[in-house]
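Reader: I have a model open and want to know what stands behind the labels people put on it. Can we go through it together?

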Amino acid sequence: MQLNPYLTFNGQCETAFKFYEQCLGGKIEEMMSYGESPMAEEVPSEWRNKIIHASLIVDDRVLMGSDCSPEQYEETKGCSVLLDIDDPVKAERIFQALVENGTVRMPMQETFWSASFGMLVDQFGIPWMINS
């Protein structure tokens with residue numbers, strides 16, 4: 001069994017996943033638009049370039065996502081994507097990259113459980129926790 005985060009976006013999935021690929025040093029394995037899918041004729045023409053499924057491989061982990069139609073999209077609440085990084089310098093670098101045009105909820109700092117921990121919401125509205 002695998003447990004993988006699946007993020008939903010309001011039309012920014014492609015931009016977000018390219019950003020995550022760069023920040024996290026991963027590789028986009030799949031990026032399919034609605035227009036490339038078997039249901040291309042069922043979606044409005046202005047939605048055909050939006051992403052029906054994306055997957056990003058980071059080390060041996062998978063982050064997935066897609067665009068939701070505006071009437072189905074809900075802002076991410078009640079969960080965060082956790083990155084557990086062995087190297088505090090790398091953790092700080094990734095934190096700073098992800099928070100670009102986003103919001104710091106808790107700056108990277110020492111905690112009772114970790115040498116370095118921080119929380120942020122990125123420019124796409126996705127909450128992240130970085131632990132090192």
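Author: Sure. This is a predicted model, and the charges make a handy start: the mean positions of the 9 positive and 21 negative charges of the chain are 2 Å apart.

Reader: What makes a charge count as positive or negative here?

Author: Lys and Arg go in as positive and Asp and Glu as negative, with His and the chain ends left out. On that count the chain has 9 positive and 21 negative charges.

Reader: Why are E1 and E4 called paired strands?

Author: Pairing takes at least two bridges. E1 and strand E4 (residues 61-67) have four, in the parallel sense, so by that cut-off they pair. Thr8 stands opposite Ser66 in E4.

Reader: And what is the order of the strands in the open sheet?

Author: Four strands line up as E1-E4-E3-E2, with mixed pairing. The twist from one strand to the next averages 15°.

Reader: Why do E1 and E2 count as edges?

Author: Strand E1 (6-9) and strand E2 (27-33) each have a single partner strand, so one side of each is left without a neighbour in the sheet.

Reader: Which strands does helix H1 lie across?

Author: H1 (residues 13-24) lies across E1, E2, strand E3 (51-58) and E4, and runs at about 5° to E3.

Reader: How do you know what share of the chain is buried?

Author: A residue is buried if its relative accessible area is under 20%. Of the 132 residues, 44% count as buried.

Notes. Residues numbered from 1 in each chain as written. Predicted model: local features only at pLDDT ≥ 70, side-chain atom pairs only at ≥ 80, totals over all residues. Heavy atoms only, no water. Helix = DSSP H or I, 4+ residues; strand = E, 2+ residues; numbered from the N terminus. Axes fitted to C-alpha atoms, helices over the stretch in contact; angles between N-to-C directions. Contact = heavy atoms within 4.5 Å. Buried < 20%, exposed > 50% of the residue type's maximum accessible area, 1.4 Å probe, protein only. Charge placed at Lys NZ, Arg CZ, Asp CG, Glu CD.
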